[in-house]
Amino acid sequence: MAAIVEVDYIWKNGALVPWAEATTHVLTHALHYGTAVFEGVRCYKGENGSAGFRLFEHMERLVQSGKIIMMDIPFTAEQLTEAALETIRANKLEECYVRPLAFRGYGSMGVNPTAAPVDVIIAVWPWGDYLGDTALKEGVSVAISTWRQRSVNALPGAVKSTASYLNSGLANIEAVGHGYSEAVLLNENGYIAEGSGENIFIVKNGIISTPPLSDGCLEGLTRDSIITIARDLGYEVQERSLVRTELYTADEVFFTGTAAEVTPINAVDRRRIGSPGSVTLALQERFFNIAKGRVPEYDHWLAKV
């Protein structure tokens with residue numbers, strides 16, 4: 001978590017506009033009712049130039065999120081991918097965070113959003129380690145939140161919406177307020193769901209496990225990448241329900257996410273975990289080598305700037 005670093009341009013509704021002019025009205029529908037979907041993507045400087053990591057897949061998910069909430073985004077995933085690359089180039093950034101956002105704009109009020117127009121923006125800016133400067137090497141401490149994850153039939157995990165993240169914000173505020181770096185949320189059945197902005201994995205006896213989508217976690221693209229990478233490296237990966245005590249007794253625990261990347265967890269509810277462990281570090285190293293273009297067989301995950 002860090003302050004936004006201003007750059008020159010933001011892409012809005014098909015055109016680049018100066019950063020300070022990318023504004024919206026205070027009566028914008030999404031500001032009042034959370035009717036917005038978004039993505040987070042990282043662009044890495046690699047061996048052969050800069051590239052957005054799984055940029056197209058993120059834009060596909062943005063369009064899918066819009067479809068689920070009855071928001072027809074007026075751009076295709078292909079157009080949004082090129083718009084993001086155009087915005088990175090215009091701001092002369094070699095590495096950055098990319099934030100696409102589609103939201104119900106100004107024009108109507110009330111809980112039914114369908115009369116409000118749809119606006120789309122893509123912003124980019126430099127952003128370092130999400131959970132702190134030492135997180136990737138030393139790990140972070142987490143706490144099980146007293147706030148529960150929203151039900152898949154209330155705000156589904158298949159939608160990456162701004163409304164969903166009030167839930168995450170409450171959990172994170174609680175955890176940080178008690179001296180932890182991050183929160184872990186349980187679902188209403190008491191199973192592990194995810195962090196406030198990350199998917200979660202455990203390692204036990206060499207087997208990697210992560211909650212299934214049916215337990216309320218986001219269908220994370222970094223999650224999917226790590227599952228693929230781990231299996232390609234020969235690890236067994238299970239998607240299964242996890243209870244909180246499995247975090248306490250795991251050999252290793254780690255977060256994944258665009259912002260968090262692959263971050264080890266070194267303590268859960270003040271119970272020390274043997275992280276960063278050898279499996280976490282192997283996956284972390286492989287992930288960064290892929291993101292930086294050092295592993296040619298994964299080049300299809302990279303959108304070259």
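**Close-up 1. Partly exposed Glu94 and its salt bridge with Lys45 in the predicted model.** Glu94 has a relative accessible area of 47% and is therefore classed as partly exposed, and Lys45, with a relative accessible area of 43%, is likewise partly exposed. These two residues form a salt bridge in which the closest N and O atoms are 3.4 Å apart. The pair links distant parts of the chain, 49 residues apart, with Glu94 in the loop between helix H3 (77–90) and strand S6 (96–104) and Lys45 in strand S4.

**Close-up 2. The salt bridge between Glu47 and Arg294.** The side chains of Glu47 and Arg294 meet at 3.1 Å, N to O. Because Glu47 belongs to the loop between S4 and strand S5 (49–53), while Arg294 belongs to the loop between helix H8 (278–291) and strand S17 (302–304), the pair ties together parts that are 247 residues apart in sequence. Glu47 is exposed, its relative accessible area being 51%, whereas Arg294, at 44% relative accessibility, counts as partly exposed. Elsewhere, Arg54, Glu57 and Asp224 are joined into one network by salt bridges that share partners.

**Close-up 3. The buried pair Glu39 and Arg61.** A salt bridge connects Glu39 with Arg61, and its closest N and O atoms are separated by 2.6 Å. Glu39 sits in the loop between strand S3 (36–38) and strand S4 (41–46), and Arg61 in helix H2 (residues 55–68), so that the pair links distant parts of the chain, 22 residues apart. Both Glu39 and Arg61 are buried. In total, the structure holds twelve salt bridges.

**Close-up 4. Helix H3 and the residue Lys92 just after it.** At 1.5 Å a residue, the 14 residues of H3 should span 20 Å, and this agrees with the 20 Å between its end C-alpha atoms. The buried residues of H3 are Ala77, Leu80, Thr81, Ala83, Ala84, Leu85, Thr87 and Ile88. An α-helix has 3.6 residues a turn, so residues three or four places apart point the same way. Just after H3, Lys92 adopts a positive phi of about 55 degrees.

**Close-up 5. The surroundings of Asn266 in strand S15.** Asn266 is located in strand S15 (residues 261–268) and is buried, with a relative accessible area of 10%. A polar atom of its side chain lies 3.2 Å from the backbone oxygen of Gly139. Leaving aside neighbours within four places in sequence, Asn266 is in contact with Glu138, Gly139, Val140 and Ser141, and also with Arg271, Arg272, Ile273 and Ser275.

**Close-up 6. The crossing of helices H6 and H8.** The axes of helix H6 (residues 221–232) and H8 come within 10 Å and cross at roughly 110 degrees; the two helices are therefore roughly perpendicular to each other. On the H6 side, the contact is made by Thr222, Ile226, Ile229 and Ala230, and on the H8 side by Leu283, Arg286, Phe287 and Ile290.

**Close-up 7. Thr24 in the loop between strand S2 and helix H1.** Thr24 is found between strand S2 (15–18) and helix H1 (29–33), and at 46% relative accessibility it counts as partly exposed. The side chain of Thr24 makes a polar contact with the side chain of Thr28, at 2.7 Å. Although Thr24 and Asp119 are 95 residues apart along the chain, their C-alpha atoms are separated by 9.5 Å.

Terms used: Residues are numbered from 1 along each chain as its sequence is written. This is a predicted model: local features need pLDDT of at least 70, side-chain atom pairs count only at pLDDT 80 or more; totals for chains, interfaces and linings use all residues. Side-chain values use heavy atoms; hydrogens and water are left out. A salt bridge is a side-chain nitrogen of Lys or Arg within 4 Å of a carboxyl oxygen of Asp or Glu. Helices (H or I, at least four residues) and strands (E, at least two) are DSSP runs, numbered from the N terminus. Buried means under 20% relative accessible area, exposed over 50%, partly exposed in between (1.4 Å probe, protein chains only). The expected span of a helix is 1.5 Å times one less than its number of residues. A polar contact is a pair of N or O atoms within 3.5 Å; within protein, one must be able to donate a hydrogen and the other to accept it, and residues adjacent in sequence count only if both atoms are side-chain atoms. Contact means heavy atoms within 4.5 Å. Axes are lines fitted to C-alpha atoms, for helices over the stretch in contact, and angles run from 0 to 180 degrees between N-to-C directions. Angles under 35 degrees count as roughly parallel, over 145 as roughly antiparallel, 65 to 115 as roughly perpendicular and the rest as oblique.
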